[in-house]
Amino acid sequence: MLFGFGKKKKAEQEAKDIKKEVVEKKPLLMKENIVLNCERMEKNDTIRKVGQILVDSGYVKEDYIEGMIARELTFSTNMGNCIALPHGTNEVKKEVLESGIAVLTFPEGTDWGGEDVKLVIGIAGVGDEHLEILANIATKLVSMEEVDKLVNGNSVDLIYDTFMKED
């Protein structure tokens, strides 16, 4: 009888731990993951910077950054409207711990394969969540005016609210 009680306690504790993990899930974007007014830099340095924010916030493991750089070698993440959405290759999906984004603004632009971008949003998605994240960003930033508002608004709250509010 005593042994069964111990198993029950262990099962209850595991259930609490799982529930705690669900409750403590990070939001897709945290305000501290928004960096305004970045200085112009090389594309790979920009990717490393936005990737390191994802690492430091616990969304991805360190190796994800190299997968973000590798993605650019096969497919540019410059989406037009001065937006780049760097994300990892399929080979580094296992490095994603939680879905999340990080945002860098470049009011003066930064080089992205010969074109200037002003808004860089690093993306990490568990499973296929990156597709949903990409679609959500695309619907919120359909015009250059919306991009300029975020980049020139100089407001972490404005960027946060744009991506975190429910439509």
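A residue counts as buried here when its relative accessible area is under 20%, and as exposed when that area is over 50%. Keep that in mind for what follows, and note that the model is a predicted one.

**Helix α5**

Let's start with α5, which spans residues 144–152 and has Val147, Leu150 and Val151 buried. Looking down the helix axis, the buried residues sit within an arc of 95 degrees, so they line one face of α5. The general rule behind this is easy to recall: an α-helix has 3.6 residues a turn, so residues three or four places apart point the same way. Turn to the face of α5 directed away from the buried side and you meet Glu145 and Lys149, which are exposed. And what sits over the buried residues of α5? The cover includes β3 (83–84), β4, β5 and α6.

**Strand β4 and its partners**

One of those covering elements, β4, deserves its own look. Strand β4 takes in residues 100–112, and 10 of its 13 residues are buried, so the rest of the structure largely encloses it. Strand β4 pairs with β1 (residues 34–35) through 2 bridges, and the two run parallel. In that pairing, Ile34 stands opposite Val103 of β4. Strand β4 also pairs with β5 (residues 115–124), this time antiparallel and through 9 bridges. Here Thr105 faces Leu119 of β5. The two strands β4 and β5 make a hairpin with 2 residues between them, and Gly113 in the turn has a positive phi of about 65 degrees.

**Two asparagines with positive phi**

Gly113 is a glycine, but positive phi also turns up in residues other than glycine, namely Asn81 and Asn154. Where do they sit? Asn81 is in the loop between β2 (78–80) and β3, while Asn154 is in the loop between α5 and α6, just after α5. Asn81 has a relative accessible area of 32%, which makes it partly exposed. Asn154 is partly exposed too, at 45% relative accessibility.

| Residue | Phi | Relative accessible area |
|---|---|---|
| Asn81 | near 55 degrees | 32% |
| Asn154 | near 50 degrees | 45% |

**The largest pocket**

Now for the empty space. How much of it lies in the largest pocket? About 300 Å³. The lining of this pocket has 15 residues, and those that lie nearest the centre are Leu28, Glu132, Asn136, Phe163 and Glu166. Two helices, α4 (129–140) and α6 (156–164), each bring at least two residues to the lining. Helix α4 gives the most, with 5 residues. By character, the lining of the largest pocket splits into 8 charged, 5 nonpolar and 2 polar residues. Helix α6 thus has two roles in this account: it is among the elements covering the buried residues of α5, and it supplies part of the pocket lining.

**The whole chain**

Stepping back, the protein has 6 helices and 5 strands. Read from the N terminus, the elements go α-β-α-α-β-β-β-β-α-α-α. The chain has 167 residues, of which 41% count as buried. Contacts also reach along the sequence: among those between residues at least 6 apart, 67% join residues at least 24 apart. The β1–β4 pairing, with Ile34 opposite Val103, fits into that picture.

Conventions
Residues are numbered from 1 along each chain as its sequence is written. This is a predicted model: local features need pLDDT of at least 70, side-chain atom pairs count only at pLDDT 80 or more; totals for chains, interfaces and linings use all residues. Side-chain values use heavy atoms; hydrogens and water are left out. On a 1 Å grid over the protein atoms alone, a cavity is a set of points where a 1.4 Å probe fits but cannot get out, and a pocket is an open set with protein on both sides within 12 Å along at least five of seven lines; lining residues have an atom within 4 Å of a point. Grid points are joined across faces, edges and corners, and a volume is the space filled by probe spheres set on the points. Helices (H or I, at least four residues) and strands (E, at least two) are DSSP runs, numbered from the N terminus. Ala, Val, Leu, Ile, Met, Phe, Trp, Tyr, Cys and Pro count as nonpolar, Asp, Glu, Lys and Arg as charged, and the others, Gly among them, as polar. Buried means under 20% relative accessible area, exposed over 50%, partly exposed in between (1.4 Å probe, protein chains only). Two strands pair if DSSP finds at least two bridges between them. The arc is that of the directions from the helix axis to the C-beta atoms. Contact means heavy atoms within 4.5 Å.
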